[in-house]
Amino acid sequence: MPDPFIDLHAHSSVSDGTEPPADLVRAAAAAGLDAVALTDHDTTAGWADAADAARELPLTLVPGLELSTRVGYRSVHVLGYLVDPDDAALSAETERIRDGRLSRAHRMVDRIGEDHPITWRDVLAQASPGATIGRPHIADALVARGLEPDRSAAFRGILHPASGYYEPHDAPTPLRGVELIRAAGGVPVIAHPAATSRGIVIDEAGLRELVDAGLGGLEVDHRENLAHGKRTLLEWADRYGLFVTGSSDYHGTGKPNRLGEHRTSRRAFDEIVSQATGSAPVVGPGSRLP
Ligand code: AMP
Ligand code: FE
Ligand code: FE
Ligand code: ZN
């Protein structure tokens, strides 16, 4: 039997992807995936619709989220697989983060609006009701207004941290993020840790702290991870007994990333499922996993 086809990082319109959760799960099945994880930023609101769709398809859904954390200006994303979505501490923190994202986006749009014809209403028109708001929605509003050609151009232009309009949003530290996910029965994995030209998002001492707090793995195969950083990540994984994953970080039409462009091994998948106590994968009829 060939290796199962597993992609553990994808976004729906519940955050900054462009398809509703059920459509995302259908797209994953159509792409031939055996397992897909729904990992919207700072929310589990898409889980129920995604699960309903998975229950009619020969595929396994791994419900998750991508928690925004930061150290100073440096943003660190922590994937949390199979958490208990009703965990009080995690829910309170994700709500705080979403509130902070909303006010930060509003302030950024006020400042952009002083120089360009864009309003907060333009941004809200680009997001599903209740979605986790981020720069991608501001980008879509800029595109709709003809101020930028597409999302990626907006990130290189008006939304770039050097543009003068940027500000970070409130977020917990990565350590707190890992602790919250583990305490909610989930399995924490640092997303795209080597995606910045300044190197890996944390140093080895910082990683050790996260390992002690229950970090499970590192997302090594990701289109934005730089080659020299990946080598260090593999060394660290080996040294600290972490599993490694590979995933697409699919955002629908919002980013060039395609479903399944990077894969996670069966071994890492099994490790995640066996470590998790917060919730279980949703196994559709005829799925090969678990
Ligand atoms: P924010 O968290 O609001 O600062 O926005 C960052 C988010 O925007 C990341 O999670 C990415 O998913 C998305 N993003 C970053 N760069 C790009 C890009 N070039 N094109 C589209 N989306 C991007
Ligand atoms: Fe995103
Ligand atoms: Fe991310
Ligand atoms: Zn992501």
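Reader: How does one read burial here: are Glu66 and His192 buried or exposed?

Author: A residue is called buried under 20% relative accessible area, exposed over 50%, and partly exposed in between, with a 1.4 Å probe and protein chains only as cover. By this rule both Glu66 and His192 are buried. The model is a predicted one, in which local features need pLDDT of at least 70 and side-chain atom pairs pLDDT 80 or more, while totals for chains, interfaces and linings use all residues. Residues are numbered from 1 along each chain as written, chains are lettered from A and ligands numbered from 1 in written order, and side-chain values use heavy atoms, without hydrogens or water.

Reader: Which protein donors does the iron ion (ligand 3) have?

Author: Donors are N, O and S atoms within 2.8 Å of the metal (3.2 Å for Na, K and Ca); water is not among the atoms, so sites may look incomplete. Here they are Glu66 (OE), His77 (ND1) and His192 (NE2), at 2.0 to 2.2 Å from the ion. Glu66 belongs to strand β3 (residues 60-71) and His192 to the loop between β5 (187-190) and α8 (204-212), so this pair ties together parts 126 residues apart in sequence. Along the chain, the donor spacing reads E-x10-H-x114-H. The iron ion (ligand 2) is 5.3 Å from the iron ion (ligand 3).

Reader: How many helices and strands does the chain have?

Author: Both are DSSP runs numbered from the N terminus: helices are H or I, at least four residues, and strands are E, at least two. The chain has 10 helices and 8 strands. Of its 290 residues, 56% count as buried.
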